[in-house]
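Reader: I would like to learn how to read this model. Please take me through it feature by feature.

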Amino acid sequence: MHLKCDTTTCLSKVIGGGDMTEHSLFTKIHFITHDVYIPFRCKRCGRRCRTFIPRFSHERLEEIAALLDRPPADIHRHYRERLHYRYTKTPLPCLFFKDDTNECMIYPLRPQCCRLYPFSYGGGDKNCPAYREHLMLVSAMAEERGPYDIYDSSFAHAIDQRPIPHRDWPEILQRFMAETSSHILIRNFIKMNRIMPRDNTYSQAEDLTL
Ligand code: SF4
């Protein structure tokens, strides 16, 4: 996976990209004539939140205190105590993680590294089942097909998405479905990719310059 630009800029591009919001994380496989999007879907295993404490600005901690209706000093102290364990061999869970339901208590205020996980900063955890499946799907879809480049949604935006030639789509969809039995992933894959109309095949795609 490439990381080519500042995450803040990239996130704003992702948010601005039609359906491609920060909630639809994906990998974009860039072929010579078209792009194929592979959706990522979190299985909410909570593995990352159990061993990771993200950084927060002072201002954000104030907002979090207001959201949770707790005294800011309390949040600050609790956060600093946890942060101390961030780089130890026994990292603690994030203080905003709800272990019984695998939920983030500050979901609307979670930082960018959480919004973009597993495509943020240090990358995904290969022990994460959803990330492992994603990597397998990307590699199966790109295999022997000569991708020009592969991007992840931490910086790939959908505005310049080049549609898949109509005649290639059945084979691409079949290949995707052969690799996963997840109906949600298959539905998202269909929703996320653009197909060129039947009467507009390769001649139009070849006009698109890279
Ligand atoms: S802020 Fe939320 S999403 Fe991020 S690590 Fe903590 S619990 Fe997980």
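Author: We go from confidence to the sheet, then to helix packing and backbone details.

Author: This is a predicted model, where local features need pLDDT of at least 70, side-chain atom pairs count only at pLDDT 80 or more, and totals for chains, interfaces and linings use all residues. Residues are numbered from 1 along each chain as its sequence is written.

Reader: What is the mean pLDDT of the protein chain?

Author: pLDDT is the predictor's confidence in each residue, from 0 to 100. Here the chain mean is 80, and 80% of the residues reach 70 or more.

Reader: Which elements have the lowest and the highest mean pLDDT?

Author: Elements are DSSP runs numbered from the N terminus: helices are H or I with at least four residues, strands are E with at least two. Helix 1 (residues 7–16) has the lowest mean, 33, and helix 7 (residues 169–179) the highest, 95. Residues 1–22 stay under 50 in pLDDT, with 36 contacts beyond four places in sequence. A contact means C-beta atoms, placed from the backbone, within 7 Å. Residues 202–210 are also below 50, and this stretch has 9 contacts beyond near neighbours in sequence. Where pLDDT is low, the predicted coordinates should not be read in detail.

Reader: In what order do the strands of the sheet lie?

Author: Start with pairing: two strands pair if DSSP finds at least two bridges between them. Here 3 strands form an open, antiparallel sheet in the order 2-1-5. Strand 2 (35–39) and strand 5 (149–152) are the edges, each pairing on one side only. From one strand to the next, the twist averages 20°.

Reader: How many bridges join strand 1 to strand 2, and which residues stand opposite?

Author: Strand 1 and strand 2 pair over 5 bridges. They form a hairpin with 4 residues between them. F26 stands opposite P39 in strand 2. Strand 1 (residues 26–30) also pairs with strand 5, over 4 bridges. There, K28 has Y151 as its bridge partner, and H30 faces D149.

Reader: Which helix lies across strand 1 and strand 2?

Author: For angles, axes are lines fitted to C-alpha atoms, for helices over the stretch in contact; angles run from 0 to 180 degrees between N-to-C directions. Helix 8 (residues 183–192) lies across both strands, at about 150° to strand 2.

Reader: At what angle do helix 3 and helix 4 cross?

Author: The axes of helix 3 (residues 58–68) and helix 4 (residues 72–83) come within 9 Å and cross at roughly 120°. That makes helix 3 oblique to helix 4. Angles under 35 degrees count as roughly parallel, over 145 as roughly antiparallel, 65 to 115 as roughly perpendicular and the rest as oblique. L61, E62, I64 and A65 of helix 3 meet P72, I75, H76 and Y79 of helix 4.

Reader: How far apart are the axes of helix 6 and helix 7?

Author: They are 10 Å apart, and the helices pack at about 145°. M136, L137, A140 and M141 of helix 6 make the contact with R175, F176 and E179 of helix 7.

Reader: Where is the cis peptide bond?

Author: Most residues other than glycine have a negative phi, and most peptide bonds are trans. In this model, a cis bond joins Y117 and P118, with omega about 10°. P118 sits in the loop between helix 5 (112–115) and helix 6 (129–142). D69 has a positive phi, near 55°. D69 is in the loop between helix 3 and helix 4.

Methods: Two residues are in contact if their C-beta atoms, placed from the backbone, lie within 7 Å.
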